[in-house]
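Reader: Hey, I'm new to this one. Can you walk me through it while I look at it?

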Amino acid sequence: MAAKKNAQFDPVNTLHEIEEKFDMFQILNEDGKIVNEEADPKLSDEELTELMERMVYTRILDQRSIALNRQGRLGFYAPTAGQEASQLASHYALEKDDFILPGYRDVPQLIFHGLPLHMAFLWSRGHYLGSDLAEGLNIFPPQIIIGAQYVQAAGVALGLQKRGKKNVVMTYTGDGGTSQGDFYEGINFAGAFRSPAIFVVQNNQYAISTPRSVQTAAKTLAQKGIAAGIPSILVDGMDPLAVYAATKDARERALNGDGPTLIETMCYRYGPHTMAGDDPTRYRTSDIDSEWEKRDPIVRFRTYLEAKNLWSEEKENEVIERAKQEIKDAIKQADQAPKQKVTDFLKIMYKGDMPYNVKEQFDIYTEKESK
Amino acid sequence: MAQMTMIQAITDAMRTELKNDENVLVFGEDVGKNGGVFRATEGLQKEFGEERVFDTPLAESGIGGLAIGLSLTGFRPVMEIQFFGFLFEVIDSVSGQAARQSFRTAGKLNAPITIRSPFGGGVATPEMHADSLEGIVASQPGIKVVIPSTPYDAKGLLISAIKDENPVVFLEHMKLYRSFRQEVPEEEYTIPLGKADVKREGSDITIIAYGAMVQESLKAAEALEKDGHSAEVVDLRTVQPLDVETIIASVEKTNRAIVVQEAQRQAGIAANVVSEIMERAVLSLEAPVLRVTAPDTVYPFAQGENTWLPNAADITETAKKVLDF
């Protein structure tokens with residue numbers, strides 16, 4: 001028997017009411033105009049310029065990385081173009097001592113948090129020294145298992161809380177990641193403990209080839225946070241000011257003891273999922289691509305900054321040249337990394353004394369490798 | 001010294017380390033107010049507060065991730081998986097993540113996590129509670145796996161596990177929790193991980209076992225004694241890494257061996273032990289090394305347990321086959 005619709009009992013309406021509340025938060029529109037003056041985070045001229053520099057740098061890094069990958073000079077690479085605002089503007093709201101638990105596409109944030117570029121390249125190539133993290137660099141290496149970083153972030157957040165630190169942990173996954181059990185467990189744990197975590201869902205529309213529409217019946221991914229009882233927001237992920245403002249707000253709330261926040265950044269990845277073989281033309285059209293390119297974060301931020309006399313072609317070229325030079329130098333440095341030995345692997349397998357099997361194999365390989 | 005059951009010794013180990021190191025945290029499902037479904041954490045929350053001994057939401061992967069994240073901020077998590085059959089819910093955190101922490105960070109970060117969990121048959125639990133899944137975790141490099149068989153060992157090994165810089169899976173056989181008492185020192189002491197213990201000396205055959213099968217093996221050794229055979233019983237205590245020195249020394253002394261495990265023949269640790277003996281001591285052997293195990297079926301429902309689990313009679317019978325070879 002179908003239930004009668006009334007105010008007391010109408011779960012369908014409840015769902016719709018919640019979904020209707022998730023308007024997309026935007027500050028800077030596609031034309032580079034401020035459309036939400038009240039929410040403008042009022043970054044200083046230096047900060048605005050720095051954020052732009054990071055985004056341009058990252059676009060160049062992406063282009064070069066794709067080229068280097070095709071030349072066989074890089075290994076695993078997940079393209080980032082289209083996600084610069086989502087990645088760099090969210091990171092820009094963090095402080096040095098905050099933690100980042102990245103997904104595999106979130107290498108730019110690690111670099112701007114302090115991971116040397118040549119190490120990012122080593123990681124891409126599959127060299128163990130690519131994750132030989134410096135003391136005090138509060139990051140994890142990029143996570144490969146979808147969602148694993150979410151439950152771990154809940155643990156880091158609880159740790160920071162127990163230590164009484166004025167810091168947060170930020171973790172990233174994609175739209176596909178929100179289908180994983182770990183996504184729910186992570187946000188639920190952090191919510192239950194009211195821990196200082198910021199969960200970023202970079203909704204770039206496709207989990208490899210599976211479109212967002214096949215991923216879930218939920219109208220937004222942000223609303224999934226509501227079930228865990230945590231503040232959640234849907235942001236224009238190609239608007240750096242909106243992403244920054246939302247993250248800054250989440251960070252403040254976390255530091256005030258008000259627990260975690262979920263931020264869905266609506267964005268787009270122009271490239272393939274990774275350079276390892278998926279072909280975006282199989283699952284999306286050039287019309288869709290160009291539709292999203294109109295919303296490009298760098299184009300709109302450039303227009304905005306130029307109107308404020310903070311940006312010029314000359315300035316952009318400087319950043320591009322600097323990026324190219326640094327990438328070149330970093331590749332050279334990565335080329336100089338020592339050849340990996342099995343004894344290196346055996347040495348880092350366990351902390352402390354080697355178990356008998358590892359010790360035996362260490363001796364065997366020491367002998368082999370001395371020849 | 002006090003007379004303690006294994007579960008009291010386990011509680012005492014956690015109490016000792018909570019006292020000794022403020023970075024030790026104990027958490028899991030129902031470990032706080034309830035003191036754990038087996039009362040392994042009884043009284044700890046009252047003594048050390050909710051900040052250090054706490055209940056989590058019901059989600060094993062979340063508990064595993066929580067432990068990894070906490071270890072990244074300098075804590076030494078002692079997490080409980082309520083029953084080891086729930087391992088599958090947390091296998092990524094245990095085998096996929098914690099185990100590779102040191103390796104994937106070139107040795108810079110580690111995961112000093114202790115993963116405690118009850119397991120083992122003969123106590124009529126529902127499905128997915130008793131299964132012997134030690135082989136699954138032991139096959140993952142980066143983890144140590146400990147299975148005590150006595151109260152004394154349990155305390156010393158658990159303290160070592162908590163102090164270890166690597167993830168340690170510490171499996172507590174449910175049937176042993178309250179089956180007997182033993183003198184256990186109230187102060188801190190450690191038993192090194194990776195060291196087996198000769199629980200009974202003998203000269204004719206070595207019976208290698210772990211967990212509840214150590215007690216069955218000791219019973220079998222007594223039965224064999226009555227028939228004039230002197231059996232040595234080696235308790236592995238740590239099943240990953242194995243103490244090959246003790247195993248080989250014993251086999252070289254007795255020239256005959258059987259390996260006993262509660263797990264199915266295709267699971268567990270016994271096959272590994274046999275391989276080590278074959279590689280290292282084949283010329284000492286007077287007979288093939290045989291295994292005593294459960295059959296290769298899914299773990300049976302409660303009323304089927306006792307016909308399924310290996311016992312002292314099976315061990316005696318197999319030992320005799322080897323002795324008569």
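Reader: Okay, jumping right in: what is the bridge partner of B:I207 in strand 13 of chain B?
Author: That's B:I258. One thing to keep in mind as we go: this is a predicted model.

Reader: Got it. How many bridges join strand 10 of chain B to strand 13 of chain B?
Author: There are 3, and the two strands run parallel. Strand 10 of chain B covers residues 205–209, and strand 13 of chain B covers residues 257–264.

Reader: And how many bridges pair strand 13 with strand 14 of chain B?
Author: That pairing has 4 bridges, again in the parallel sense, with strand 14 of chain B spanning residues 290–294. As an example, B:V260 has B:V292 as its bridge partner in strand 14. To get from strand 13 to strand 14, the chain crosses through helix 10 of chain B (residues 270–281), and this β-α-β crossover is right-handed.

Reader: Why is strand 13 of chain B described as largely enclosed?
Author: Because 8 of its 8 residues are buried, it's largely enclosed by the rest of the structure.

Reader: What about strand 2 of chain B, how many of its residues are buried?
Author: 5 of 5, so to speak a mostly covered strand, at residues 24–28. B:V24, B:V26 and B:G28 point one way, B:L25 and B:F27 point the other way, and all of them are buried.

Reader: Which residue stands opposite B:F27 in strand 4 of chain B?
Author: B:M79 does. Strand 2 and strand 4 of chain B run parallel and are joined by 5 bridges. Strand 2 also runs parallel to strand 3 of chain B (residues 53–55), with 3 bridges between them. There, B:V26 has B:V53 as its bridge partner.

Reader: Switching to chain A. What's the strand order in its open sheet of 5 strands?
Author: The order is 1-2-3-7-6, with parallel pairing. Strand 1 (99–101) and strand 6 (232–236) of chain A are the edge strands, each pairing on one side only. From one strand to the next, the twist averages 20 degrees.

Reader: Which strands of that sheet does helix 3 of chain A touch?
Author: Helix 3 (residues 84–92) packs on the sheet and touches strand 1, strand 2, strand 3 and strand 7 of chain A. Its direction makes about 170 degrees with that of strand 2.

Reader: And over at the strand 6 edge, which residue stands opposite A:D236 in strand 7 of chain A?
Author: A:M266. Strands 6 and 7 of chain A run parallel, and 5 bridges join them.

Reader: New topic: how many salt bridges are there over all chains?
Author: The structure holds 41. One of them is between the side chains of A:R73 and A:D335, at 3.2 Å from N to O.

Reader: Where do A:R73 and A:D335 lie?
Author: A:R73 is in the loop between helix 2 and helix 3 of chain A, and A:D335 is in helix 13 of chain A, so the pair ties together parts that are 262 residues apart in sequence. A:R73 is partly exposed at 34% relative accessible area, and A:D335 is partly exposed too, at 42%.

Reader: Any in chain B worth a look? What does B:E165 pair with?
Author: B:E165 and B:R76 meet in a salt bridge, 3.4 Å from N to O. B:E165 sits in the loop between helix 7 and strand 7 of chain B, while B:R76 is in strand 4 of chain B, 89 residues apart.

Reader: Is B:R76 buried or exposed?
Author: B:R76 counts as buried, with 13% relative accessibility. B:E165 is partly exposed, at 32%.

Reader: Which residues are linked in a network of salt bridges?
Author: B:D153, B:D197, B:K199, B:D235 and B:R237.

Reader: Last thing: how many residues of chain A are in contact with chain B?
Author: 38 residues of chain A are in contact with 47 residues of chain B. The two chains bury about 3600 Å² between them, 61% of it on carbon and sulfur atoms.

Reader: And how many salt bridges are found across that interface?
Author: 3 across the interface of chain A and chain B. B:E51 also forms a salt bridge with A:K162, and their closest N and O atoms are 3.4 Å apart.

Note on methods
Residues are numbered from 1 along each chain as its sequence is written. Chains are lettered from A and ligands numbered from 1 in the order in which they are written. This is a predicted model: local features need pLDDT of at least 70, side-chain atom pairs count only at pLDDT 80 or more; totals for chains, interfaces and linings use all residues. Side-chain values use heavy atoms; hydrogens and water are left out. Two strands pair if DSSP finds at least two bridges between them. Axes are lines fitted to C-alpha atoms, for helices over the stretch in contact, and angles run from 0 to 180 degrees between N-to-C directions. Contact means heavy atoms within 4.5 Å. Buried means under 20% relative accessible area, exposed over 50%, partly exposed in between (1.4 Å probe, protein chains only). A crossover is right-handed if, with the strands pointing away from the viewer, the path from the first strand over the helix to the second runs clockwise. A salt bridge is a side-chain nitrogen of Lys or Arg within 4 Å of a carboxyl oxygen of Asp or Glu. Buried area is the accessible area (1.4 Å probe) that two parts lose on being put together, summed over both.
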